[in-house]
Each structure stands twice: as structure tokens, then as C-alpha cells.
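Got the viewer open? Load the model, switch on side chains, and keep the selection box handy for a short walk.

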Amino acid sequence: CGTIAPLERGAQSSEEQSSPVFLQYVDCVHQLCEQFPSAFEFNSLYLAELLHHLTSCLHGTLLGNCERQRADLPPTLPLWPA
């Protein structure tokens, strides 16, 4: 849960299938926040909270690779309001 992995029917989720792309993206944003703190409307605490919710599996906003895969998942709460 909380990974970018194939979610096709019958596919087994494992650590080998997970991809840290979003984690790497958040790390890049964090590095930019450290270099240019006044250029962003959020701070490191917000990014840490975002990663916490990504791995908590309470929110399905960041699960799956496309809308079709997210539609096949059980309903979850959105990470941010629409």
C-alpha cells in the first residue's frame, strides 16, 4: 500500500514492485524548500505529513497508476478536498 506498483487483478504486491518515484519527488521539493524557504507556501512539516498519509493507506489519492486502477480499489478518503 502506498507504492506505485502494478495493481492488476492477480498481481502480487511486493517490495520489488514498488517504485520510490513520489518519495524522490518529495525529497527534491524538500531540498528546494531548504534552499529557497520563501519560495514555497509550505514547509518540511507539510511534506513529512504528506509522506505519512501516503504510507498510512487511509487515502487512495496516490494509489494506483491511473484512474482505472483507482476505481478498482475499495473506497478511501481523499487526501485533500476536491
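Which residues does Val29 touch, not counting residues up to four places away in sequence? Select Val29 and you'll find Phe40, Phe42 and Leu47, where contact means heavy atoms within 4.5 Å.

Before moving on, some housekeeping. This is a predicted model, so local features need pLDDT of at least 70 and side-chain atom pairs count only at pLDDT 80 or more, while totals for chains, interfaces and linings use all residues. Residues are numbered from 1 along each chain as its sequence is written, and side-chain values use heavy atoms, with hydrogens and water left out.

**Stop 1: the whole chain**

Zoom out and colour by secondary structure. You should see three helices and zero strands, running α-α-α from the N terminus on. Helices (H or I, at least four residues) and strands (E, at least two) are DSSP runs, numbered from the N terminus. Of the 82 residues, 17% count as buried. Buried means under 20% relative accessible area, exposed over 50%, and partly exposed in between (1.4 Å probe, protein chains only).

Now show the surface. The chain exposes about 6200 Å², and carbon and sulfur atoms supply 60% of that area. Accessible areas come from the Shrake-Rupley method with a 1.4 Å probe; for residues, only the protein chains shown count as cover.

**Stop 2: the core**

Select Val26, Val29, Cys33, Leu47, Leu50 and Leu79 and show them as spheres: these six residues make up the largest nonpolar core. Helix H1 (21-35) and helix H2 (44-56) each supply at least two residues of this core, and the largest share, three residues, comes from H1. A nonpolar core here is a set of buried Ala, Val, Leu, Ile, Met, Phe, Trp, Tyr and Cys residues joined through side-chain atoms within 4.5 Å.

**Stop 3: down the barrel of H1**

Select 21-35, which is H1. Its end C-alpha atoms are 21 Å apart, which agrees with the 21 Å that its 15 residues should span at 1.5 Å a residue. The expected span is 1.5 Å times one less than the number of residues.

Which residues of H1 are buried? Highlight Val26, Val29 and Cys33. Turn the view to look down the axis: these buried residues fall within an arc of 60°, so they line one face of the helix. The arc is that of the directions from the helix axis to the C-beta atoms. An α-helix has 3.6 residues a turn, so residues three or four places apart point the same way. The buried residues of H1 pack against H2.

**Stop 4: over to H2**

Select 44-56 for H2. This helix has 13 residues and reaches 18 Å from its first C-alpha to its last, close to the 18 Å expected. Leu47, Leu50 and Leu54 are the ones to colour as buried; seen down the axis of H2 they fall within an arc of 55°, so they line one face. What covers them includes H1. Flip to the other side of H2, where Leu45 and Thr55 are exposed.

**Stop 5: the rings**

How many aromatic pairs are there? The count comes to three. Rings of Phe, Tyr and Trp (its six-membered ring) pair if their centres lie within 6.5 Å; planes under 30 degrees apart count as stacked, over 60 as edge-to-face and the rest as tilted.

Start with Phe22 and Tyr25, a tilted pair at 6.1 Å centre to centre with 35° between the planes. Both lie in H1, three residues apart, about one turn of the helix. Phe22 is partly exposed at 23% relative accessible area, whereas Tyr25 is exposed at 52%.

Then pick Phe40 and Phe42, also tilted, with 5.6 Å between centres and 55° between planes. Phe40 is partly exposed at 28%, as is Phe42 at 30%. Add Tyr46 to the selection to finish: ring pairs link Phe40, Phe42 and Tyr46 into a cluster.
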